[in-house]
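Work through the exercises below with the sequence and the structure at hand, and try each task before reading its solution.

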Amino acid sequence: MGDAHRFRTTRCPHCGYPMDVASNADASKEAPVPGDYSVCLSCGAFLRFGSRLRLSRLTKQQLEDMPADMLLELGRIRAAVLLAHKTIGPVGDEKGHL
Ligand SMILES: [Zn+2]
């Protein structure tokens, strides 16, 4: 996992979970940029950074156009998030927020 990068708080458009930090799934130290993909640590939704690093839902077309290796990587991260919820419990308070 790469270095953690902080950014202005944005909420998951699916569940409202606030996010203000991200790191690359690989060892890269690069900060997120618009167009990068992400996964919500609360609900496991696939997301994409937009302008000013606001997170947005993926459109059906974006999912269809996503390279297979990226889709597999996001799927692995989503599986890890959901497995963590089953073993250590949900992230945040009872509303899913920090
Ligand atoms: Zn979410």
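## Exercise 1: The overall layout

Task: Find what share of the contacts with a separation of 6 or more comes from residues 24 or more positions apart, and describe the order of the elements along the sequence.

Solution: In this predicted model, residues 24 or more positions apart account for 51% of the contacts in the protein with a separation of 6 or more. The next step is to list the elements, and here the protein has two helices and five strands, which follow one another along the sequence in the pattern β-β-β-β-β-α-α. Finally, turning to burial, we find that buried residues make up 14% of the 98 residues in the protein.

## Exercise 2: The hairpin of β1 and β2

Task: Work out how β1 and β2 are joined, and which residue between the strands takes a positive phi.

Solution: Begin with the pairing, where β1 and β2 run antiparallel and are joined by five bridges; R11, for its part, stands opposite P18 in β2. Then look at the connection, which has six residues between the strands and in which G16 takes a positive phi near 85°. As a last step, consider how well β1 is covered: this strand, residues 4-11, is hardly covered, since the count of buried residues among its eight residues is zero.

## Exercise 3: The open sheet

Task: Determine in what order the three strands of the open sheet stand, and why one side of β3 and of β5 is left without a neighbour in the sheet.

Solution: The three strands are arranged in the order β3-β4-β5, with antiparallel pairing. Because β3 and β5 (55-57) stand at the edges and each has a single partner strand, one side of each is left without a neighbour in the sheet. From one strand to the next, the twist averages 45°. To follow one pairing in detail, take β3 and β4 (residues 46-49), which run antiparallel and are joined by three bridges, and note that Y37 stands opposite R48 in β4.

## Exercise 4: Helix α2 and the core

Task: Check whether the span of α2 agrees or disagrees with 1.5 Å a residue, and find which residues V39 touches.

Solution: The 21 residues of α2 (residues 68-88) should span 30 Å at 1.5 Å a residue, and the C-alpha atoms at the ends of the helix are 30 Å apart, which agrees. After the helix comes G89, whose phi is positive, near 95°. Next, place the helix against the sheet: α2 lies across β3 and β4, running at about 20° to β3. Leaving aside residues up to four places away in sequence, V39 touches G44, F46, L47, L74, I77, R78 and V81. The largest nonpolar core, 10 residues in all, includes V39, F46, L47 and L74, although α2 as a whole is hardly covered, with a count of one buried residue among its 21.

## Exercise 5: A25 and its surroundings

Task: Decide whether A25 counts as buried, exposed or partly exposed.

Solution: First locate A25, which lies in the loop between β2 (18-23) and β3 (37-39). A residue needs 20 or more neighbours to be buried and 12 or fewer to be exposed, so A25, with 16 C-beta neighbours inside 10 Å, counts as partly exposed. Lastly, compare positions along the chain and in space: A25 and I77 are 52 residues apart along the chain, while their C-alpha atoms are separated by 8.2 Å.

Key
Residues numbered from 1 in each chain as written. Predicted model: local features only at pLDDT ≥ 70, side-chain atom pairs only at ≥ 80, totals over all residues. Helix = DSSP H or I, 4+ residues; strand = E, 2+ residues; numbered from the N terminus. Pairing = 2+ DSSP bridges. Expected span 1.5 Å × (residues − 1). Contact = placed C-beta atoms within 7 Å. Axes fitted to C-alpha atoms, helices over the stretch in contact; angles between N-to-C directions. Core = buried A, V, L, I, M, F, W, Y, C linked by C-beta atoms within 7 Å.
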